[in-house]
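Okay, thanks for coming, everyone. Let me put the structure up, and then I'll talk you through the sheets, the cores and the ligand site.

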Amino acid sequence: MKEASDKFKMPVLSSVLAKGVLDDKFPAYLGSTGRVASKPGAEIGFGTDLIVWVGNDVPFSIFLFNKKAKVIQIDIESTKLGKRRHADVPMLADAKKALRAIIDAGKEKEASSFYKAAIADKENWVKWQDSFKDSDQMPVRPEPIFDVLNKTASDRAIFGVDVGNININFQRLVDMHDDQKWVTSGKYATMGFGAPAAIAAKVAFPDRDVYSLSGDGGFAMLMEEILTQVKYNLHIVNVVFSNETLGYIEAEQTDDSHQPLSGVDLPATDWATVAKGMGAEAYTATTKAEFQAAMDAAQKTDKPVLIDVKLTHEMPFTTEHMFIDSAWQDQTKIDEFVKKYQAQDLKPFSYFMKQA
Ligand SMILES: Cc1cc2nc3c(=O)[nH]c(=O)nc-3n(C[C@H](O)[C@H](O)[C@H](O)COP(=O)(O)OP(=O)(O)OC[C@H]3O[C@@H](n4cnc5c(N)ncnc54)[C@H](O)[C@@H]3O)c2cc1C
Ligand SMILES: Cc1ncc(C[n+]2csc(CCOP(=O)(O)OP(=O)(O)O)c2C)c(N)n1
Ligand SMILES: [Mg+2]
(Lines give C-alpha, C1' and ligand atoms only; values in the text may rest on other atoms or scores of the structure.)
(Ligands and ions follow the chains in the order given, each with its own letter.)
Protein backbone atom coordinates (compact mmCIF):
# COMPACT_ATOMS: atom_id res chain seq x y z
CA MET A 1 0.00 0.00 0.00
CA LYS A 2 2.84 2.33 0.94
CA GLU A 3 4.64 1.56 -2.33
CA ALA A 4 1.48 2.19 -4.37
CA SER A 5 0.89 5.48 -2.56
CA ASP A 6 4.49 6.61 -3.11
CA LYS A 7 4.63 5.63 -6.76
CA PHE A 8 1.25 6.97 -7.87
CA LYS A 9 1.21 9.86 -5.33
CA MET A 10 -2.14 8.82 -3.93
CA PRO A 11 -3.19 9.73 -0.40
CA VAL A 12 -4.33 6.66 1.60
CA LEU A 13 -7.48 6.37 3.68
CA SER A 14 -8.40 3.24 5.55
CA SER A 15 -11.55 1.91 7.13
CA VAL A 16 -11.63 2.36 10.91
CA LEU A 17 -10.85 -1.32 11.40
CA ALA A 18 -7.79 -1.11 9.15
CA LYS A 19 -6.05 1.43 11.38
CA GLY A 20 -2.54 0.04 11.69
CA VAL A 21 -2.32 -1.05 8.05
CA LEU A 22 0.31 1.72 7.75
CA ASP A 23 2.22 3.52 10.48
CA ASP A 24 0.14 6.54 11.49
CA LYS A 25 3.17 8.74 10.88
CA PHE A 26 3.32 7.87 7.12
CA PRO A 27 2.67 11.38 5.67
CA ALA A 28 0.14 10.35 3.01
CA TYR A 29 -1.90 8.13 5.38
CA LEU A 30 -4.80 10.33 6.41
CA GLY A 31 -6.68 7.91 8.69
CA SER A 32 -10.32 7.10 8.10
CA THR A 33 -13.38 8.92 6.87
CA GLY A 34 -16.84 9.30 8.39
CA ARG A 35 -17.57 10.13 12.00
CA VAL A 36 -14.78 8.05 13.48
CA ALA A 37 -12.26 9.88 11.35
CA SER A 38 -9.66 12.58 11.02
CA LYS A 39 -10.47 15.95 9.46
CA PRO A 40 -8.21 15.42 6.40
CA GLY A 41 -9.61 11.89 5.96
CA ALA A 42 -13.19 13.13 5.92
CA GLU A 43 -12.32 15.97 3.54
CA ILE A 44 -10.37 13.83 1.07
CA GLY A 45 -13.22 11.31 0.91
CA PHE A 46 -15.38 14.03 -0.62
CA GLY A 47 -12.58 15.69 -2.59
CA THR A 48 -11.37 12.67 -4.55
CA ASP A 49 -12.39 11.79 -8.11
CA LEU A 50 -10.82 8.30 -8.14
CA ILE A 51 -10.99 5.66 -5.44
CA VAL A 52 -8.95 2.47 -5.48
CA TRP A 53 -10.95 0.43 -3.03
CA VAL A 54 -8.82 -2.35 -1.58
CA GLY A 55 -10.61 -5.01 0.51
CA ASN A 56 -13.00 -2.55 2.08
CA ASP A 57 -16.58 -3.29 3.16
CA VAL A 58 -17.47 -0.15 5.15
CA PRO A 59 -21.28 -0.15 5.56
CA PHE A 60 -21.83 3.59 5.02
CA SER A 61 -19.27 4.11 2.23
CA ILE A 62 -21.86 5.60 -0.06
CA PHE A 63 -22.18 8.59 2.29
CA LEU A 64 -18.48 9.10 2.91
CA PHE A 65 -17.07 9.65 -0.57
CA ASN A 66 -17.68 11.84 -3.59
CA LYS A 67 -20.62 10.08 -5.27
CA LYS A 68 -19.26 10.96 -8.73
CA ALA A 69 -15.79 9.45 -8.14
CA LYS A 70 -14.69 6.56 -10.34
CA VAL A 71 -14.07 3.36 -8.39
CA ILE A 72 -11.58 0.55 -8.94
CA GLN A 73 -12.50 -2.15 -6.43
CA ILE A 74 -10.27 -5.06 -5.43
CA ASP A 75 -11.81 -7.75 -3.23
CA ILE A 76 -11.19 -11.45 -2.73
CA GLU A 77 -14.92 -12.24 -2.38
CA SER A 78 -17.10 -11.83 -5.45
CA THR A 79 -20.17 -10.93 -3.35
CA LYS A 80 -18.36 -7.78 -2.17
CA LEU A 81 -17.81 -6.36 -5.65
CA GLY A 82 -20.27 -3.50 -6.10
CA LYS A 83 -21.94 -4.34 -2.79
CA ARG A 84 -21.52 -0.97 -1.12
CA ARG A 85 -21.46 1.20 -4.25
CA HIS A 86 -20.97 0.98 -7.98
CA ALA A 87 -17.53 -0.22 -9.08
CA ASP A 88 -16.32 0.99 -12.49
CA VAL A 89 -13.48 -1.55 -12.52
CA PRO A 90 -14.16 -4.57 -10.27
CA MET A 91 -11.20 -6.89 -9.68
CA LEU A 92 -11.71 -10.28 -8.04
CA ALA A 93 -8.26 -10.77 -6.57
CA ASP A 94 -6.09 -10.96 -3.51
CA ALA A 95 -5.24 -7.37 -2.55
CA LYS A 96 -1.50 -7.93 -2.19
CA LYS A 97 -1.15 -9.63 -5.57
CA ALA A 98 -3.38 -7.10 -7.34
CA LEU A 99 -1.52 -4.13 -5.88
CA ARG A 100 1.82 -5.70 -6.81
CA ALA A 101 0.67 -6.12 -10.41
CA ILE A 102 -0.66 -2.54 -10.55
CA ILE A 103 2.56 -1.12 -9.08
CA ASP A 104 4.71 -3.10 -11.53
CA ALA A 105 2.58 -2.15 -14.54
CA GLY A 106 2.10 1.57 -13.77
CA LYS A 107 4.37 4.57 -14.39
CA GLU A 108 5.55 6.75 -11.53
CA LYS A 109 3.48 9.96 -11.13
CA GLU A 110 4.49 13.51 -10.26
CA ALA A 111 2.91 14.81 -7.06
CA SER A 112 -0.38 16.51 -7.99
CA SER A 113 -1.85 19.57 -6.23
CA PHE A 114 -4.42 17.22 -4.69
CA TYR A 115 -1.70 15.00 -3.22
CA LYS A 116 0.33 17.96 -1.91
CA ALA A 117 -2.79 19.55 -0.41
CA ALA A 118 -3.76 16.28 1.29
CA ILE A 119 -0.36 16.03 2.94
CA ALA A 120 -0.44 19.67 4.05
CA ASP A 121 -3.96 19.17 5.41
CA LYS A 122 -2.77 16.24 7.50
CA GLU A 123 0.22 18.23 8.80
CA ASN A 124 -2.14 21.02 9.88
CA TRP A 125 -4.43 18.52 11.62
CA VAL A 126 -1.59 16.72 13.44
CA LYS A 127 -0.10 20.03 14.55
CA TRP A 128 -3.48 21.15 15.85
CA GLN A 129 -3.98 17.91 17.80
CA ASP A 130 -0.42 18.14 19.15
CA SER A 131 -1.07 21.66 20.43
CA PHE A 132 -3.28 20.14 23.16
CA LYS A 133 -0.73 17.55 24.38
CA ASP A 134 0.29 19.64 27.37
CA SER A 135 -3.02 21.39 27.86
CA ASP A 136 -3.77 22.00 31.53
CA GLN A 137 -7.48 22.42 30.88
CA MET A 138 -9.55 20.81 33.64
CA PRO A 139 -11.18 18.33 33.51
CA VAL A 140 -8.39 16.92 31.36
CA ARG A 141 -8.65 16.68 27.55
CA PRO A 142 -7.90 13.35 25.81
CA GLU A 143 -4.69 14.55 24.05
CA PRO A 144 -2.48 14.69 27.20
CA ILE A 145 -3.68 11.23 28.24
CA PHE A 146 -3.01 9.67 24.83
CA ASP A 147 0.40 11.37 24.72
CA VAL A 148 1.36 9.42 27.85
CA LEU A 149 -0.20 6.23 26.50
CA ASN A 150 1.74 6.55 23.21
CA LYS A 151 4.99 7.01 25.09
CA THR A 152 4.37 4.18 27.58
CA ALA A 153 2.87 1.44 25.40
CA SER A 154 5.50 -0.85 23.93
CA ASP A 155 6.07 -1.56 20.22
CA ARG A 156 4.12 -4.80 20.79
CA ALA A 157 1.23 -3.37 22.81
CA ILE A 158 -2.34 -4.58 22.26
CA PHE A 159 -5.38 -2.38 22.80
CA GLY A 160 -8.93 -3.65 23.42
CA VAL A 161 -11.05 -0.67 22.40
CA ASP A 162 -14.65 -0.22 23.57
CA VAL A 163 -17.42 1.56 21.65
CA GLY A 164 -18.12 5.29 22.02
CA ASN A 165 -15.96 8.39 21.80
CA ILE A 166 -13.01 6.12 22.53
CA ASN A 167 -13.28 4.97 18.89
CA ILE A 168 -12.78 8.56 17.72
CA ASN A 169 -10.01 9.38 20.19
CA PHE A 170 -8.20 6.10 19.60
CA GLN A 171 -8.42 6.54 15.83
CA ARG A 172 -6.97 10.04 15.95
CA LEU A 173 -4.60 10.04 18.88
CA VAL A 174 -2.92 6.64 19.04
CA ASP A 175 0.18 6.48 16.84
CA MET A 176 0.08 2.84 15.78
CA HIS A 177 3.48 1.51 14.86
CA ASP A 178 5.65 -1.59 14.65
CA ASP A 179 3.87 -4.73 15.84
CA GLN A 180 1.12 -3.07 17.89
CA LYS A 181 -2.35 -4.58 17.55
CA TRP A 182 -5.82 -3.39 18.40
CA VAL A 183 -9.41 -4.53 18.13
CA THR A 184 -12.88 -3.06 18.49
CA SER A 185 -16.43 -4.21 17.80
CA GLY A 186 -16.63 -2.94 14.20
CA LYS A 187 -19.96 -3.70 12.61
CA TYR A 188 -21.97 -4.57 15.75
CA ALA A 189 -20.58 -1.66 17.82
CA THR A 190 -21.03 -3.59 21.06
CA MET A 191 -20.41 -1.48 24.14
CA GLY A 192 -18.63 -3.39 26.89
CA PHE A 193 -16.23 -4.88 24.32
CA GLY A 194 -13.00 -3.34 25.65
CA ALA A 195 -12.37 -5.30 28.86
CA PRO A 196 -13.22 -8.79 27.52
CA ALA A 197 -11.23 -8.07 24.33
CA ALA A 198 -8.24 -7.21 26.51
CA ILE A 199 -8.65 -10.50 28.41
CA ALA A 200 -8.66 -12.43 25.14
CA ALA A 201 -5.55 -10.53 24.02
CA LYS A 202 -3.68 -11.19 27.27
CA VAL A 203 -4.51 -14.90 27.20
CA ALA A 204 -3.42 -15.19 23.55
CA PHE A 205 -0.30 -13.00 23.99
CA PRO A 206 0.75 -13.31 27.66
CA ASP A 207 4.13 -11.62 27.09
CA ARG A 208 2.70 -8.44 25.58
CA ASP A 209 1.44 -5.31 27.37
CA VAL A 210 -2.33 -5.14 27.05
CA TYR A 211 -4.67 -2.20 27.60
CA SER A 212 -8.43 -1.95 27.69
CA LEU A 213 -9.73 1.51 26.78
CA SER A 214 -13.38 2.29 27.56
CA GLY A 215 -15.81 5.10 28.27
CA ASP A 216 -17.58 5.05 31.63
CA GLY A 217 -20.83 3.81 30.01
CA GLY A 218 -19.14 0.99 28.12
CA PHE A 219 -17.02 -0.03 31.08
CA ALA A 220 -20.11 -0.12 33.35
CA MET A 221 -21.64 -2.72 31.04
CA LEU A 222 -18.94 -5.34 31.62
CA MET A 223 -16.97 -4.08 34.62
CA GLU A 224 -17.30 -7.48 36.30
CA GLU A 225 -14.58 -8.61 33.90
CA ILE A 226 -12.15 -7.07 36.41
CA LEU A 227 -13.05 -10.11 38.54
CA THR A 228 -11.95 -12.40 35.71
CA GLN A 229 -8.69 -10.49 35.38
CA VAL A 230 -8.10 -10.83 39.14
CA LYS A 231 -9.13 -14.50 39.22
CA TYR A 232 -6.68 -15.43 36.44
CA ASN A 233 -4.04 -12.93 37.51
CA LEU A 234 -3.96 -11.13 34.17
CA HIS A 235 -1.84 -8.00 34.09
CA ILE A 236 -4.07 -5.73 32.03
CA VAL A 237 -4.19 -1.96 32.33
CA ASN A 238 -7.84 -0.87 32.10
CA VAL A 239 -8.27 2.82 31.34
CA VAL A 240 -11.78 4.21 31.94
CA PHE A 241 -12.56 7.62 30.44
CA SER A 242 -15.15 9.08 32.82
CA ASN A 243 -17.01 11.99 31.26
CA GLU A 244 -20.31 11.23 33.06
CA THR A 245 -22.22 10.85 29.81
CA LEU A 246 -22.92 8.41 26.99
CA GLY A 247 -20.87 10.90 25.01
CA TYR A 248 -21.02 9.39 21.52
CA ILE A 249 -24.82 9.50 21.71
CA GLU A 250 -24.86 12.92 23.35
CA ALA A 251 -22.92 14.25 20.35
CA GLU A 252 -25.37 12.57 17.93
CA GLN A 253 -28.32 14.12 19.76
CA THR A 254 -26.70 17.55 19.52
CA ASP A 255 -25.31 17.39 15.97
CA ASP A 256 -27.54 14.94 14.09
CA SER A 257 -31.02 14.89 15.58
CA HIS A 258 -30.83 18.40 17.12
CA GLN A 259 -32.89 17.31 20.09
CA PRO A 260 -32.77 18.15 23.79
CA LEU A 261 -30.37 15.70 25.47
CA SER A 262 -32.22 12.60 26.51
CA GLY A 263 -31.09 9.69 28.70
CA VAL A 264 -27.38 10.23 28.23
CA ASP A 265 -26.16 11.52 31.59
CA LEU A 266 -24.31 9.07 33.83
CA PRO A 267 -23.74 9.42 37.57
CA ALA A 268 -20.25 10.36 38.77
CA THR A 269 -18.67 7.07 39.81
CA ASP A 270 -15.48 6.22 41.66
CA TRP A 271 -14.25 3.43 39.37
CA ALA A 272 -11.00 3.09 41.32
CA THR A 273 -12.90 2.10 44.45
CA VAL A 274 -15.04 -0.32 42.44
CA ALA A 275 -11.92 -2.00 41.00
CA LYS A 276 -10.12 -2.09 44.35
CA GLY A 277 -13.19 -3.79 45.80
CA MET A 278 -12.70 -6.54 43.21
CA GLY A 279 -9.02 -6.96 44.05
CA ALA A 280 -7.31 -4.91 41.32
CA GLU A 281 -4.86 -2.06 41.82
CA ALA A 282 -6.51 1.20 40.95
CA TYR A 283 -5.80 4.89 40.48
CA THR A 284 -7.72 8.05 39.68
CA ALA A 285 -6.17 10.56 37.27
CA THR A 286 -7.38 14.14 36.89
CA THR A 287 -4.23 15.49 35.18
CA LYS A 288 -1.56 14.34 32.73
CA ALA A 289 0.94 14.05 35.61
CA GLU A 290 -1.43 11.86 37.63
CA PHE A 291 -2.04 9.66 34.63
CA GLN A 292 1.70 9.35 34.04
CA ALA A 293 2.21 8.39 37.71
CA ALA A 294 -0.56 5.78 37.46
CA MET A 295 0.95 4.32 34.26
CA ASP A 296 4.37 4.18 35.96
CA ALA A 297 2.84 2.33 38.92
CA ALA A 298 1.05 -0.02 36.50
CA GLN A 299 4.42 -1.09 35.05
CA LYS A 300 5.60 -2.18 38.49
CA THR A 301 2.86 -4.68 39.34
CA ASP A 302 1.69 -8.03 37.96
CA LYS A 303 -1.90 -7.42 39.03
CA PRO A 304 -4.71 -6.05 36.89
CA VAL A 305 -4.77 -2.26 37.08
CA LEU A 306 -7.58 0.24 36.56
CA ILE A 307 -7.00 3.93 35.90
CA ASP A 308 -10.07 6.14 36.13
CA VAL A 309 -9.43 9.25 34.03
CA LYS A 310 -11.78 12.10 34.92
CA LEU A 311 -12.16 13.40 31.36
CA THR A 312 -13.61 16.62 29.99
CA HIS A 313 -17.31 16.58 29.11
CA GLU A 314 -16.46 18.35 25.82
CA MET A 315 -17.12 16.22 22.76
CA PRO A 316 -14.42 15.40 20.20
CA PHE A 317 -14.16 17.62 17.10
CA THR A 318 -16.87 16.43 14.73
CA THR A 319 -15.86 15.51 11.17
CA GLU A 320 -19.47 15.00 10.11
CA HIS A 321 -20.73 18.52 10.58
CA MET A 322 -17.70 20.71 10.08
CA PHE A 323 -18.11 24.44 9.58
CA ILE A 324 -14.67 25.73 8.65
CA ASP A 325 -14.74 26.85 5.03
CA SER A 326 -15.76 30.47 4.49
CA ALA A 327 -15.73 29.92 0.70
CA TRP A 328 -19.16 28.29 0.94
CA GLN A 329 -20.29 28.15 4.58
CA ASP A 330 -22.11 30.63 6.78
CA GLN A 331 -19.63 32.75 8.78
CA THR A 332 -21.79 32.81 11.93
CA LYS A 333 -21.87 29.02 11.97
CA ILE A 334 -18.11 28.90 11.32
CA ASP A 335 -17.41 31.28 14.23
CA GLU A 336 -19.61 29.22 16.56
CA PHE A 337 -18.00 25.93 15.46
CA VAL A 338 -14.43 27.21 15.67
CA LYS A 339 -15.02 28.58 19.17
CA LYS A 340 -16.68 25.36 20.37
CA TYR A 341 -13.81 23.13 19.21
CA GLN A 342 -10.95 25.62 19.74
CA ALA A 343 -10.30 25.14 16.02
CA GLN A 344 -8.79 28.59 15.25
CA ASP A 345 -5.65 27.01 13.77
CA LEU A 346 -7.42 24.50 11.51
CA LYS A 347 -7.72 25.35 7.83
CA PRO A 348 -10.09 23.79 5.29
CA PHE A 349 -8.85 21.47 2.51
CA SER A 350 -9.69 24.17 -0.08
CA TYR A 351 -7.06 26.42 1.55
CA PHE A 352 -4.35 23.81 0.92
CA MET A 353 -5.58 23.24 -2.64
CA LYS A 354 -5.11 26.95 -3.34
CA GLN A 355 -1.61 26.86 -1.83
CA ALA A 356 -0.51 23.70 -3.71
C1 LIG B 1 -18.93 3.47 17.02
C2 LIG B 1 -18.41 3.06 15.67
C3 LIG B 1 -18.36 4.00 14.64
C4 LIG B 1 -17.82 3.67 13.39
N5 LIG B 1 -17.71 4.65 12.47
C6 LIG B 1 -17.01 4.38 11.32
C7 LIG B 1 -16.66 5.44 10.42
O8 LIG B 1 -17.00 6.61 10.64
N9 LIG B 1 -15.93 5.11 9.31
C10 LIG B 1 -15.51 3.82 9.05
O11 LIG B 1 -14.79 3.58 8.08
N12 LIG B 1 -15.86 2.82 9.88
C13 LIG B 1 -16.57 3.07 11.02
N14 LIG B 1 -16.81 2.04 11.91
C15 LIG B 1 -16.41 0.68 11.55
C16 LIG B 1 -17.39 0.07 10.53
O17 LIG B 1 -18.64 -0.12 11.17
C18 LIG B 1 -16.88 -1.27 9.98
O19 LIG B 1 -16.76 -2.20 10.98
C20 LIG B 1 -15.54 -1.14 9.30
O21 LIG B 1 -15.44 0.03 8.55
C22 LIG B 1 -15.32 -2.33 8.41
O23 LIG B 1 -13.96 -2.28 8.02
P24 LIG B 1 -13.42 -3.10 6.79
O25 LIG B 1 -14.27 -2.88 5.62
O26 LIG B 1 -11.97 -2.79 6.67
O27 LIG B 1 -13.47 -4.61 7.32
P28 LIG B 1 -14.39 -5.84 6.96
O29 LIG B 1 -15.82 -5.51 7.19
O30 LIG B 1 -13.80 -7.00 7.67
O31 LIG B 1 -14.19 -6.04 5.38
C32 LIG B 1 -12.98 -6.48 4.83
C33 LIG B 1 -13.11 -6.59 3.30
O34 LIG B 1 -11.85 -7.02 2.77
C35 LIG B 1 -12.03 -8.16 1.92
N36 LIG B 1 -10.79 -8.95 1.97
C37 LIG B 1 -10.34 -9.71 2.99
N38 LIG B 1 -9.15 -10.28 2.67
C39 LIG B 1 -8.82 -9.83 1.42
C40 LIG B 1 -7.71 -10.04 0.55
N41 LIG B 1 -6.68 -10.82 0.90
N42 LIG B 1 -7.72 -9.43 -0.65
C43 LIG B 1 -8.76 -8.63 -1.03
N44 LIG B 1 -9.84 -8.39 -0.25
C45 LIG B 1 -9.88 -8.98 0.97
C46 LIG B 1 -13.26 -8.85 2.48
O47 LIG B 1 -13.87 -9.68 1.51
C48 LIG B 1 -14.15 -7.63 2.86
O49 LIG B 1 -14.87 -7.13 1.77
C50 LIG B 1 -17.36 2.34 13.15
C51 LIG B 1 -17.43 1.39 14.17
C52 LIG B 1 -17.91 1.75 15.44
C53 LIG B 1 -17.89 0.73 16.54
C1 LIG C 1 -24.70 -2.52 23.98
C2 LIG C 1 -24.83 -1.17 23.33
N3 LIG C 1 -25.80 -0.33 23.74
C4 LIG C 1 -25.92 0.89 23.18
C5 LIG C 1 -25.09 1.28 22.18
C6 LIG C 1 -25.24 2.66 21.52
N7 LIG C 1 -24.08 3.49 21.91
C8 LIG C 1 -22.98 3.65 21.12
S9 LIG C 1 -21.83 4.60 21.83
C10 LIG C 1 -22.74 4.82 23.22
C11 LIG C 1 -22.25 5.66 24.36
C12 LIG C 1 -20.90 5.28 24.90
O13 LIG C 1 -20.74 5.93 26.14
P14 LIG C 1 -19.41 5.79 26.99
O15 LIG C 1 -18.98 4.37 27.07
O16 LIG C 1 -19.58 6.51 28.27
O17 LIG C 1 -18.32 6.51 26.08
P18 LIG C 1 -18.20 8.06 25.67
O19 LIG C 1 -18.77 8.15 24.31
O20 LIG C 1 -18.89 8.89 26.69
O21 LIG C 1 -16.73 8.28 25.69
C22 LIG C 1 -23.99 4.15 23.12
C23 LIG C 1 -25.04 4.17 24.15
C24 LIG C 1 -24.10 0.36 21.75
N25 LIG C 1 -23.27 0.66 20.76
N26 LIG C 1 -23.98 -0.85 22.36
MG1 LIG D 1 -18.88 8.40 28.82
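One definition before anything else: I call two strands paired if DSSP finds at least two bridges between them. And keep in mind that what you're looking at is a predicted model.

With that, let's take the three-stranded sheet. β1 and β2 are paired in the parallel sense, with five bridges between them. One of those pairings puts Val52 with Ile72, its bridge partner in β2. Moving across, β2, residues 70-75, also runs parallel to β3, and four bridges join them. Ile72 turns up again here, standing opposite Val89 in β3, and Asp75 stands opposite Leu92 in β3. So the order of this open sheet is β1-β2-β3, with parallel pairing. At the edges you have β1 (50-54) and β3 (89-92), each pairing on one side only. The twist averages 10 degrees from one strand to the next.

Now the other sheet. Here six strands form an open, parallel sheet, and the order is β5-β4-β6-β7-β9-β8. Which strands stand at the edges? They are β5 (181-183) and β8 (281-285); each has a single partner strand, so one side of each is left without a neighbour in the sheet. From strand to strand the twist averages 15 degrees.

Let me walk through some of the pairings. β6 and β7 run parallel and are joined by six bridges; Tyr211 has Val237 as its bridge partner in β7. Between β7 and β9 there are six bridges, parallel again, and Ser242 stands opposite Lys310 in β9. Then β8 joins β9, residues 305-310, through five bridges, also parallel. In that pair, Tyr283 is opposite Ile307 in β9.

Have a look at β7 in particular. How many of its residues are buried? Seven of seven, so to speak a full house. Both faces are covered: on one side you find Ile236, Asn238, Val240 and Ser242, on the other Val237, Val239 and Phe241, and all of them are buried.

What packs on this sheet? Start with α7, which lies across β4 (158-161), β6 (210-215) and β7 (236-242) and runs at about 130 degrees to β6. Helix α8, residues 194-204, packs on the sheet as well, touching β4, β5, β6 and β7. The direction of α8 makes about 175 degrees with that of β6.

Back to α7, because nine of its nine residues are buried, going by the cut-off of 20 or more other C-beta atoms within 10 Å. Among them are Asn165, Asn167, Asn169, Gln171 and Arg172, along with Ile166, Ile168, Phe170 and Leu173. The cover over α7 includes α5 (113-130), α6 (142-152), β4, β6, β7 and α11.

On to the cores. The largest nonpolar core has 52 residues, and Tyr211, Leu306, Ile307 and Val309 have the most contacts inside it. There's also a second, separate core of twelve residues, which includes Met10, Leu13, Ala117 and Phe349. As a general point, nonpolar side chains tend to be buried together in soluble globular proteins. If you zoom in on Val309, leaving out residues up to four places away in sequence, its contacts are Val140, Ile145, Val239, Val240, Phe241, Ser242, Ala285 and Phe291.

Now ligand 2. There are 18 residues around it, and the closest are Gly164, Gly215, Gly217, Gly218 and Gly247. Which elements give two or more residues to that shell? They are α7 (165-173), α9 (216-221) and α11 (247-255). By class, the shell around ligand 2 has nine polar residues, eight nonpolar and one charged.

Last stop, Ser135, which sits in the loop between α5 and α6. Is Ser135 buried or partly exposed? Partly exposed, because 16 other C-beta atoms lie within 10 Å, and buried would take 20 or more. Not counting residues up to four places away in sequence, Ser135 touches Arg141, Glu143 and Pro144. For a sense of distance, the C-alpha atoms of Ser135 and Ala297 are separated by 23 Å, and the two residues are 162 apart along the chain.

That's my tour, thanks.

Notes:
Residues numbered from 1 in each chain as written. Chains lettered and ligands numbered in written order. Predicted model: local features only at pLDDT ≥ 70, side-chain atom pairs only at ≥ 80, totals over all residues. Near = placed C-beta within 6 Å. Nonpolar A, V, L, I, M, F, W, Y, C, P; charged D, E, K, R; others polar. Core = buried A, V, L, I, M, F, W, Y, C linked by C-beta atoms within 7 Å. Contact = placed C-beta atoms within 7 Å. Axes fitted to C-alpha atoms, helices over the stretch in contact; angles between N-to-C directions.
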